[in-house]
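Work through the exercises below with the sequence and the model side by side. Try each task before you read its solution.

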Amino acid sequence: MRVKCVLCDVIENINDYSPLAKKLRNRPIHTYMCQTCYDRIETRTNERKETGSFRQYSDEKEKDEWVF
Ligand SMILES: [Zn+2]
């Protein structure tokens, strides 16, 4: 089954019998995102999350180190 990525317009061939193909067939409104775009978004989301918590953590650690 040929699907088009909603973000970068790349056309990909996915397995007709995969759960994703079934989902797209049953719900044509459901948008497809290629693995590259999916990874990019996921990485960005994770990076933001990790940076946020990492900064908090290192700030606290730095403070502790300065105190001692
Ligand atoms: Zn894409």
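**Exercise 1.** Determine in what order the elements of the protein run from the N terminus on.

*Solution.* In this predicted model, begin by counting the elements, which gives 2 helices and 2 strands in the protein. Then follow the chain from the N terminus, and the elements appear in the order β-β-α-α.

**Exercise 2.** Find which residues coordinate the zinc ion, and work out why their arrangement counts as tetrahedral.

*Solution.* First, look for the donor atoms, which are the SG atoms of Cys-5, Cys-8, Cys-34 and Cys-37, at 2.3 Å from the zinc ion. Next, consider the angles that these 4 donor atoms subtend around the zinc ion, which run from 106 to 113 degrees. Four donors count as tetrahedral if all angles lie between 85 and 135 degrees, and the arrangement is therefore tetrahedral. For comparison, the ideal angle for four tetrahedral donors is 109.5 degrees.

**Exercise 3.** Describe how the donor residues of the zinc ion are spaced in sequence, and where Cys-5 and Cys-37 lie.

*Solution.* Reading along the sequence, the spacing of the donor residues is C-x2-C-x25-C-x2-C. Cys-5 lies in the loop between β1 (2–4) and β2 (11–13), while Cys-37 belongs to helix α2 (residues 35–67), so that this pair, 32 residues apart, links distant parts of the chain. As a last step, check the sulfur atoms of the cysteines for disulfides: a pair would have to lie within 2.5 Å, and the count comes to 0.

**Exercise 4.** Decide whether Cys-5, Cys-34 and Cys-37 are buried or exposed, and then identify the residues of the largest nonpolar core.

*Solution.* A residue is buried when its relative accessible area is under 20%. Cys-5 has 1% relative accessibility and therefore counts as buried, and the value of 1% leads to the verdict of buried for Cys-34 and for Cys-37 as well. These three cysteines belong to the largest nonpolar core, whose 8 residues also include Val-3, Ile-14, Ala-21, Leu-24 and Tyr-32. Taking Ile-14 as an example, and leaving aside residues up to four places away in sequence, we find that Ile-14 touches Met-1, Val-3, Leu-20, Ala-21, Leu-24 and Tyr-32. Across the protein, 15% of the 68 residues count as buried.

**Exercise 5.** State where Asp-9 is found, and what its phi is.

*Solution.* Asp-9 is found in the loop between β1 and β2. Its phi is near 65 degrees, a positive value in a residue other than glycine. Most residues other than glycine have a negative phi. Finally, Asp-9 counts as partly exposed because its relative accessibility is 47%.

How values were computed
Residues numbered from 1 in each chain as written. Predicted model: local features only at pLDDT ≥ 70, side-chain atom pairs only at ≥ 80, totals over all residues. Heavy atoms only, no water. Donors = N, O, S within 2.8 Å, 3.2 Å for Na, K, Ca; no water. Tetrahedral: all angles 85-135°; square planar, octahedral: opposite > 155°, others 65-115°. Helix = DSSP H or I, 4+ residues; strand = E, 2+ residues; numbered from the N terminus. Buried < 20%, exposed > 50% of the residue type's maximum accessible area, 1.4 Å probe, protein only. Core = buried A, V, L, I, M, F, W, Y, C linked by side-chain atoms within 4.5 Å. Contact = heavy atoms within 4.5 Å.
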